[in-house]
Amino acid sequence: MAKRFSVSEYTDGILSGNRVLLSRAITLVESTLPSDQVLAQQVLDAVLPHAGRSVRVGITGVPGVGKSTFIEALGLHLVQEQGKRLAVLAVDPSSQRSGGSILGDKTRMNQLAAHPQAFIRPSPAGRSLGGVTRSTREALVLCEAAGHDVIFVETVGVGQSETAVHGMVDFFLLLMLAGAGDELQGIKKGIMEMADAVTITKADGGNEQAARRARAEYQNALHLFPLAPSAWSPVVTTSSAVSGAGVPEVWGVVEQYVQQTQASGYFQRRRQEQNLHWLHETIREALETRFYARPDVAAQLPAIRQQVMDGRKSAFGAAEELLGL
């Protein structure tokens, strides 16, 4: 049976950069046990004053775009060339049988995972829509308190969850492929509007010309969107995780964005808005959890569910009945 650490042991370990205790603390915030949730909240409160100093980058892209390969290339540039401490929170699809991660990002970033300046944490997405787990933001706070300068949040793919990622990071990077038939017609406008930068990956092996053409098409498409509240004009680049071409330039774009938005005051305002957003999200989740945990709701729910499935009661009427218990 694993040892149960105290709040002070967790706090001291995290602040000193102890990777084992950081991992244990993330496991704690992912736990659904009430006793673990109480302890996790005490740990989060203790380390919160030491968080908030990193650059948070959300990274997403279509399946097959090479997210893990690109993240490893960019991550190695940060830890080897820039001396940064990097944490990667990679949210994997969940196994329907075990509930665990099935992609195993850590095994697909061998070099980065072995670097002492990098910390990679794959987490199962669980019931979330493809991208962000309930505890992703808490894990981000823990990694910041542990002294990581840069936090990557990698999502499974392009979908509804990207909105949640956008609500917890400073910079949103979208990875796209050239020649995939989706240069313009297939662009999801909502995702493109959230992107602070787009990079066309796999610009190598004879694909360079197609990547340059896709870059021009995406840049033209982005010019059609209204200017973002940050007053930042999204940048489109090309990159190759294999050759390393264009990878440092991507980080240069991130640095330019951070410098511009910090100077304008937008960077801090957005952080404050995100804190309020997650306050309301946490309230919503807590209310839902407590609602279903009520004995009277648990007793009535099976029969009401059956009535809804049989068409004998509308979903709206059933909800009102349960809420009125």
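Angles of 65 to 115 degrees between helix axes count as roughly perpendicular, and those over 145 as roughly antiparallel. The legends below describe a predicted model.

**View 1. Helices H4 and H10 cross in the predicted model.** Helix H4 (residues 67-81) and helix H10 (residues 247-264) pack with their axes 9 Å apart and at an angle of about 75°, and the two helices are therefore roughly perpendicular to each other. On the side of H4 the contact is made by Phe70, Ala73, Leu74, His77 and Leu78, while H10 contributes Val247, Pro248, Val250 and Trp251. Sorted by class, these residues comprise eight nonpolar and one polar, with no charged residues in the contact of H4 with H10.

**View 2. His77 in helix H4.** His77, which lies in helix H4, is buried, its relative accessible area being 14%, and a residue counts as buried when that value is under 20%. Which residues does His77 touch, once its neighbours within four places in sequence are left aside? His77 is then in contact with Gln82, Pro248 and Trp251, and both Pro248 and Trp251 also belong to the part of H10 that meets H4.

**View 3. Helices H12 and H13.** Helix H12 (residues 295-309) and helix H13 (residues 315-323) pack with their axes 10 Å apart, at an angle of about 170°, which makes H12 roughly antiparallel to H13. The residues that meet are Val297, Gln300, Leu301, Ile304 and Val308 from H12, and Ala315, Ala318, Glu321 and Leu322 from H13. By class, the contact of H12 with H13 has seven nonpolar residues, along with one polar and one charged.

**View 4. Strand E4 and its partner E1.** Strand E4 (residues 150-154) has five of its five residues buried, so the strand is largely enclosed by the rest of the structure. In a regular strand the side chains alternate between the two faces of the sheet. In E4, Val150, Phe152 and Glu154 point one way and Ile151 and Val153 the other way, and all of these residues are buried. Strand E1 (residues 55-61) runs parallel to E4 and is joined to it by five bridges, and within this pairing Val55 stands opposite Val150 in E4.

**View 5. Strand E6 between E5 and E7.** How many bridges link E6 to strand E5 (residues 171-176), and in which sense do the two strands pair? The pairing of E5 with E6 is parallel and extends over four bridges, with Leu173 having Ala197 in E6 as its bridge partner. E6 also runs parallel to E7, to which it is joined by four bridges, and here the bridge partner of Ala197 is Val235 in E7. Ala197 is thus a bridge partner of Leu173 as well as of Val235. Both faces of E6 are covered, since Ala197 and Thr199 on one side are buried, as are Val198 and Ile200 on the other.

**View 6. Helix H6 and the glycine after it.** Helix H6 (residues 136-145) has nine of its ten residues buried, so this helix is largely enclosed by the rest of the structure. The buried residues are Thr136, Arg137, Ala139, Leu140, Val141, Leu142, Cys143, Glu144 and Ala145, with Arg137 and Glu144 therefore counted among them despite being classed as charged. H6 is followed by Gly147, a residue whose phi is positive, near 100°.

**View 7. Two loop residues with positive phi.** Lys202, in the loop between strand E6 (197-200) and helix H9 (208-222), has a phi near 60°, a positive value in a residue other than glycine. Is Lys202 buried or partly exposed? Lys202 is partly exposed, with a relative accessible area of 39%. Ala231 is found in the loop between H9 and strand E7 (235-238), and its phi, near 65°, is likewise positive in a residue other than glycine. Ala231 is partly exposed too, with a relative accessible area of 42%.

**View 8. The whole chain, for orientation.** The chain has 13 helices and seven strands, and buried residues make up 45% of its 325 residues. Among the contacts with a separation of 6 or more, 74% are accounted for by residues 24 or more positions apart. The chain exposes about 16,400 Å², of which carbon and sulfur atoms supply 55%.

Definitions and conventions
Residues numbered from 1 in each chain as written. Predicted model: local features only at pLDDT ≥ 70, side-chain atom pairs only at ≥ 80, totals over all residues. Heavy atoms only, no water. Buried < 20%, exposed > 50% of the residue type's maximum accessible area, 1.4 Å probe, protein only. Contact = heavy atoms within 4.5 Å. Areas by Shrake-Rupley, 256 points an atom, 1.4 Å probe, with all protein chains shown as cover. Axes fitted to C-alpha atoms, helices over the stretch in contact; angles between N-to-C directions. Parallel < 35°, antiparallel > 145°, perpendicular 65-115°, else oblique. Pairing = 2+ DSSP bridges.
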